[in-house]
Amino acid sequence: STPKPSSAASDVYKRQLWRGLSATLWRDVPFSAIYFAGYEGGKVLFTGAGFGESPSSTFWHEFGVSFTVAATSGCVAAVATHPFDLVKTRLQAEHENRHARVSSRSLFHTLCRMFAAEGVPGLFRGLSPRLAKVAPACGIMMGAFEAASRLPVSYTHLRAHETGRNL
């Protein structure tokens, strides 16, 4: 008998949808910790205190610093977490054919098998395209965030100046 569509969909849901979840979490949680810690530290290192603290800093200077620090911090985080990204990709792309399987018994089992078969260079295969995506994405995201977060303050200062009030 042929399987019902609902049971086939349920089977795909159970086997495919969650494949690589643990590797994704091992990639994303440390990435965010490294990225935001590096960004905040770099921001203070390059500005002395933070954005908006210096009356002499301009919007474009702060955007440039924000973009550069965020892109750099994102690259460091991407390099540190890339082996987990590679495991996630391989687990999600593996075939049902047992001979082509990476082995999804566990994240660390797959990582050890990759290391044994390909060595350290194998754990960083595909890093260049990831960095080419991460650097501008992180820079644009934080540059836009810093710019947008200054808009309410700039508007408040502009309105105070127009009305002659001091803040």
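Let's start with Leu25, which is partly exposed, with a relative accessible area of 46%. Please keep in mind throughout that this is a predicted model. Leu25 sits in helix α2. Together with Leu17, Trp18, Leu21 and Val29, Leu25 makes a nonpolar surface patch of about 510 Å². Which helix gives the most to that patch? Helix α2, spanning residues 21–47, with 3 residues.

Let's stay with helix α2 and turn to the aromatic rings. Searching the whole structure turns up 7 aromatic pairs. One of them is Trp26 with Phe84: the ring centres are 5.5 Å apart and the planes meet at 25°, so this pair is stacked. Stacked here calls for planes under 30 degrees apart. Where do the two partners lie? Trp26 belongs to helix α2 and Phe84 to helix α3, residues 59–93, so the pair ties together parts that are 58 residues apart in sequence.

Now, are these two partners buried or exposed? Trp26 is partly exposed, at 42% relative accessible area, whereas Phe84 is buried, at 15%. The cut-off that matters for Phe84 is that buried means under 20%.

Here is another aromatic pair, Phe31 with Tyr35, and this one is stacked too: 5.9 Å from centre to centre, with 25° between the planes. Both Phe31 and Tyr35 are in helix α2, and they are 4 residues apart, about one turn of the helix. Both of these residues are buried.

Before we leave the rings, have a look at Phe108 as well. Ring pairs link Phe108 with Trp26 and Phe84 into a cluster. So when you find Trp26 on your screen, you have found a member of that cluster, and you can follow the stacked pair from there across to Phe84 in helix α3.

Last stop: Arg130. You will find Arg130 in helix α5, which covers residues 127–163. Is this arginine buried or exposed? At 12% relative accessibility, Arg130 counts as buried. What is Arg130 in contact with, if we leave aside its neighbours within four places in sequence? The list is Arg27, Phe31, Ala78, Thr81, His82 and Asp85. You have already met one of those names: Phe31, the stacking partner of Tyr35 in helix α2.

To recap the tour: we began at Leu25 in the nonpolar patch, moved on to the stacked pair of Trp26 and Phe84, then to Phe31 and Tyr35, and finished at the buried Arg130. Thanks for listening!

Definitions and conventions: Residues numbered from 1 in each chain as written. Predicted model: local features only at pLDDT ≥ 70, side-chain atom pairs only at ≥ 80, totals over all residues. Heavy atoms only, no water. Patch = residues over 30% accessible without salt bridge, like charges linked within 9 Å, V, L, I, M, F, W, Y side chains within 5 Å. Areas by Shrake-Rupley, 256 points an atom, 1.4 Å probe, with all protein chains shown as cover. Salt bridge = Lys/Arg side-chain N within 4 Å of Asp/Glu carboxyl O. Helix = DSSP H or I, 4+ residues; strand = E, 2+ residues; numbered from the N terminus. Buried < 20%, exposed > 50% of the residue type's maximum accessible area, 1.4 Å probe, protein only. Contact = heavy atoms within 4.5 Å. Phe/Tyr/Trp six-rings, centres within 6.5 Å; stacked < 30°, edge-to-face > 60°.
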